[in-house]
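Me: Could you take a close look at one part of this structure for me? I would like to follow a single residue outward into its surroundings.

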Amino acid sequence: MVKMRRRKFCYFCENKISYIDYKDERSLRRFVNERGKIIPRRTSGNCAKHQRALTTSIKRARMIAMMAFESESYR
Amino acid sequence: MRIYETTFIVNPQTDDASIDRDVTSVFNLITADGGKIVYENRMGTRRLAYPIQKLTQGYYTTLVYESEPEILPKLERHFKLGETYMRHLTIRFEGDVSKLGQIPEYGAPGEHTRDGRSRDDRPSDEKGVEGRRSEEKPAPEATATEPKVETETTPTTEAPAVTAETETTTTESDVKQADDTAPIATNPPEITEEDEL
């Protein structure tokens with residue numbers, strides 16, 4: 001049980017992604033729940049820097065209709 | 001001179017020639033002002049995440065260009081006057097210009113890109129079903145898929161058959177989904193801990 005609670009690590013730090021593109025809707029989708037809400041840092045394990053960049057990217061994607069603002073069953 | 005990135009959506013219900021005219025008029029506006037287009041990507045007609053002007057599809061174009069800031073109000077005016085422009089978004093480009101050709105997969109080395117593609121290859125219905133299933137019981141799946149990781153790496157290098165390839169993509173996505181759900185599964189105990197504190 002203790003082993004399962006491994007330290008979560010920032011996805012973007014792990015994969016060395018410096019720029020989060022708002023057009024890359026496919027990879028943004030994993031940081032959004034079924035309703036289209038942005039998953040909080042405490043759940044996703046992202047670092048503050050990347051979470052900030054991620055939120056702006058998701059919000060931009062919403063503006064140009066690449067992601068939904070809200071949805072009954074997204075994904 | 002600054003680097004900007006503009007993405008805009010043109011109404012796809014007009015004929016191809018007028019779509020092209022709308023897109024090139026934006027090009028011309030930028031270049032006429034001494035701007036230099038660094039990158040263009042006509043993504044074509046794609047589904048919108050929500051309807052705009054009662055349409056469910058739109059013709060997407062992305063431009064990255066170097067220009068003086070004076071271009072922005074002109075572009076803005078152009079987009080507002082042209083009735084076929086459904087949406088537009090201009091941002092200061094902060095990414096790496098040299099990586100531009102790899103859009104939309106860029107910024108995504110290794111595992112990340114592969115996951116994105118393999119997930120997209122499957123029909124959307126299937127994604128939804130599988131996603132929900134894995135959320136319900138993430139723990140057994142995580143353990144079940146782990147041995148697959150080892151087997152998966154060897155066949156990809158030597159398997160030329162199409163069937164083998166499709167097999168590997170499915171295992172990849174399975175593994176990824178297990179990864180996805182793992183943090184969610186671990187989360188509840190942590191929250192309770194915080195509450196106690």
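Which residues is B:Phe79 in contact with, leaving aside its neighbours within four places in sequence?

Reply: Happy to walk through it with you; please keep in mind that this is a predicted model. Leaving aside neighbours within four places in sequence, B:Phe79 touches B:Thr6, B:Phe8, B:Val26, B:Tyr85 and B:His88. Its home is helix α2 of chain B. With a relative accessible area of 3%, B:Phe79 is buried, because the cut-off for that class is under 20%. There is also a long reach along the chain: B:Phe79 and B:Ile9 are 70 residues apart in sequence, and their C-alpha atoms are separated by 9.9 Å.

Now for the helix itself. α2 of chain B covers residues 71–81, and its buried residues are B:Ile71, B:Leu75 and B:Phe79. Looking down the axis of α2(B), these buried residues fall within an arc of 65°, so they line one face of the helix. The face turned away from that buried side carries the exposed residues B:Pro73, B:Arg77, B:Lys80 and B:Leu81.

What covers the buried residues of α2(B)? The cover includes β1 (2–10), α1 (16–32), β3 (55–67) and β4 (85–92), each of chain B. As for its placement, α2(B) lies across β1, β3 and β4 of chain B, and runs at about 165° to β4(B).

That brings us to the sheet. It is an open sheet of four strands in chain B, in the order β2-β3-β1-β4, with antiparallel pairing. β2 and β4 of chain B stand at the edges with a single partner strand each, so one side of each has no neighbour in the sheet. On average, neighbouring strands of this sheet are turned by 20° against each other, direction ignored. Chain A comes in here too: its helix α4 (residues 48–63) packs on the sheet and touches β2 and β4 of chain B. The direction of α4 of chain A makes about 155° with that of β4(B).

Let's look at one strand pair in detail. β2 of chain B (residues 36–52) pairs with β3(B) in the antiparallel sense, over 11 bridges. Among the facing residues, B:Arg46 stands opposite B:Gly58 in β3(B), and B:Thr45 has B:Tyr59 of β3(B) as its bridge partner. The two strands form a hairpin with two residues between them, and B:Gln53 in the turn has a positive phi of about 50°.

Side chains connect these two strands as well. B:Glu66 and B:Lys36 meet in a salt bridge at 3.8 Å, N to O. This pair links distant parts of the chain, with B:Glu66 in β3 and B:Lys36 in β2 of chain B, 30 residues apart. B:Glu66 is partly exposed at 23% relative accessibility, whereas B:Lys36 is exposed at 53%. Another salt bridge joins B:Arg42 to B:Glu40, with the closest N and O atoms 3.6 Å apart. B:Arg42 is partly exposed at 30% relative accessibility, and B:Glu40 is partly exposed at 40%.

Finally, a quick word on the wider set: the structure holds eight salt bridges over all chains. A:Asp21, A:Lys23 and B:Glu5 are linked in a network of them.

How values were computed:
Residues are numbered from 1 along each chain as its sequence is written. Chains are lettered from A and ligands numbered from 1 in the order in which they are written. This is a predicted model: local features need pLDDT of at least 70, side-chain atom pairs count only at pLDDT 80 or more; totals for chains, interfaces and linings use all residues. Side-chain values use heavy atoms; hydrogens and water are left out. Buried means under 20% relative accessible area, exposed over 50%, partly exposed in between (1.4 Å probe, protein chains only). The arc is that of the directions from the helix axis to the C-beta atoms. Contact means heavy atoms within 4.5 Å. Two strands pair if DSSP finds at least two bridges between them. A salt bridge is a side-chain nitrogen of Lys or Arg within 4 Å of a carboxyl oxygen of Asp or Glu. Axes are lines fitted to C-alpha atoms, for helices over the stretch in contact, and angles run from 0 to 180 degrees between N-to-C directions.
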